[in-house]
Amino acid sequence: MTTTPPDRWERVDGSTVACTESIKVLSENWTELETHLQESFDDAVLLGVSKADFKAKMHALVEGLTCDFKELTAPPNQED
């Protein structure tokens with residue numbers, strides 16, 4: 001499995017995250033997570049876990065994530 005990071009990351013107000021460094025960090029995180037998830041998935045299946053059960057539990061994990069940071073909107077001077 002190899003997927004490309006999204007071309008566009010959106011803020012809560014629908015504006016696009018345009019900072020090159022932010023996009024770089026998000027892309028690196030995407031690649032690292034994909035690698036780790038794939039390795040974990042392979043391990044789980046080799047240990048006897050069903051593929052469907054593993055995926056369901058990973059979906060639940062993502063749905064359960066929380067964050068105490070306030071979501072940001074576009075800076076007033078940013079043009080999309």
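Is Gly 48 buried or exposed? Gly 48 has a relative accessible area of 62%, and therefore counts as exposed, since the cut-off for that word is over 50%. I begin with this residue because its surroundings lead into the rest of the chain, but please bear in mind throughout that the model is predicted.

Let me first place Gly 48. The residue belongs to the loop between helix 1 and helix 2. Just after helix 1, Gly 48 adopts a positive phi of about 105 degrees. As for its position relative to the early part of the chain, Gly 48 and Asp 7 are 41 residues apart in sequence, and their C-alpha atoms are 36 Å apart in space.

I turn now to the overall form. The protein contains two helices and zero strands. Its C-alpha trace spans about 55 × 25 × 15 Å along the principal axes. The radius of gyration is 16 Å, whereas a compact globule of 80 residues would have a value near 12 Å. Of those 80 residues, 11% count as buried. The exposed surface comes to about 6900 Å², and carbon and sulfur atoms supply 59% of this area. One further value concerns contacts: taking those between residues at least 6 apart in sequence, 55% join residues at least 24 apart.

Next, the helices themselves. Helix 1 has 27 residues, and from its first C-alpha to its last it reaches 39 Å, close to the 39 Å expected at 1.5 Å a residue. Helix 2 has 13 residues, for which a span of 18 Å should be found; the C-alpha atoms at its ends are 18 Å apart, in agreement with that expectation.

What is buried in helix 1? The buried residues there are Glu 34, Phe 41 and Ala 44. Helix 2 is among the elements that cover them. In helix 2, the number of buried residues is one out of 13, so this helix lies largely in the open.

Val 45 offers another view of helix 1, where it is found. With a relative accessible area of 32%, Val 45 is partly exposed. Its C-alpha atom is separated by 38 Å from that of Thr 16, and the two residues are 29 residues apart along the chain.

I now come to the aromatic side chains. A pair of aromatic rings is described by the distance of the centres and the angle of the planes. How many aromatic pairs are there? The count comes to two.

One of the pairs is formed by Trp 9 and Trp 30. Their ring centres are 6.1 Å apart and their planes meet at 75 degrees, so the pair is edge-to-face; the cut-off for that label is over 60 degrees. This pair links distant parts of the chain: Trp 9 sits in the segment before helix 1, Trp 30 sits in helix 1, and they are 21 residues apart. Trp 9 is partly exposed, at a relative accessible area of 22%. Trp 30 is also partly exposed, at 30% relative accessibility.

Phe 41 and Phe 54 also make an aromatic pair, and this one is tilted, with 5.2 Å from centre to centre and 35 degrees between the planes. Phe 41 lies in helix 1 and Phe 54 in helix 2, so the pair ties together parts that are 13 residues apart in sequence. Phe 41 is buried, with a relative accessible area of 16%. Phe 54 counts as buried too, at 11% relative accessibility.

Finally, the cysteines. A disulfide is a covalent bond between the sulfur atoms of two cysteines. How many disulfides does a search of the whole structure find? The search finds zero. Cys 19 is in no disulfide, and the nearest cysteine sulfur, that of Cys 67, is 18 Å away. A disulfide would need the two sulfur atoms within 2.5 Å, which is why this pair does not qualify. Cys 67 is likewise in no disulfide. As to their surroundings, Cys 19 is partly exposed at 40% relative accessibility, while Cys 67 is exposed, with a relative accessible area of 52%.

To close, I return to the link between the helices. Helix 2 is among the elements covering the buried residues of helix 1, and the pair of Phe 41 and Phe 54 joins the two helices. Gly 48 stands in the loop between them, exposed at 62%.

Notes
Residues numbered from 1 in each chain as written. Predicted model: local features only at pLDDT ≥ 70, side-chain atom pairs only at ≥ 80, totals over all residues. Heavy atoms only, no water. Phe/Tyr/Trp six-rings, centres within 6.5 Å; stacked < 30°, edge-to-face > 60°. Helix = DSSP H or I, 4+ residues; strand = E, 2+ residues; numbered from the N terminus. Buried < 20%, exposed > 50% of the residue type's maximum accessible area, 1.4 Å probe, protein only. Expected span 1.5 Å × (residues − 1). Contact = heavy atoms within 4.5 Å. Rg over C-alpha atoms; globule rule 2.2 N^0.38 Å. Areas by Shrake-Rupley, 256 points an atom, 1.4 Å probe, with all protein chains shown as cover.
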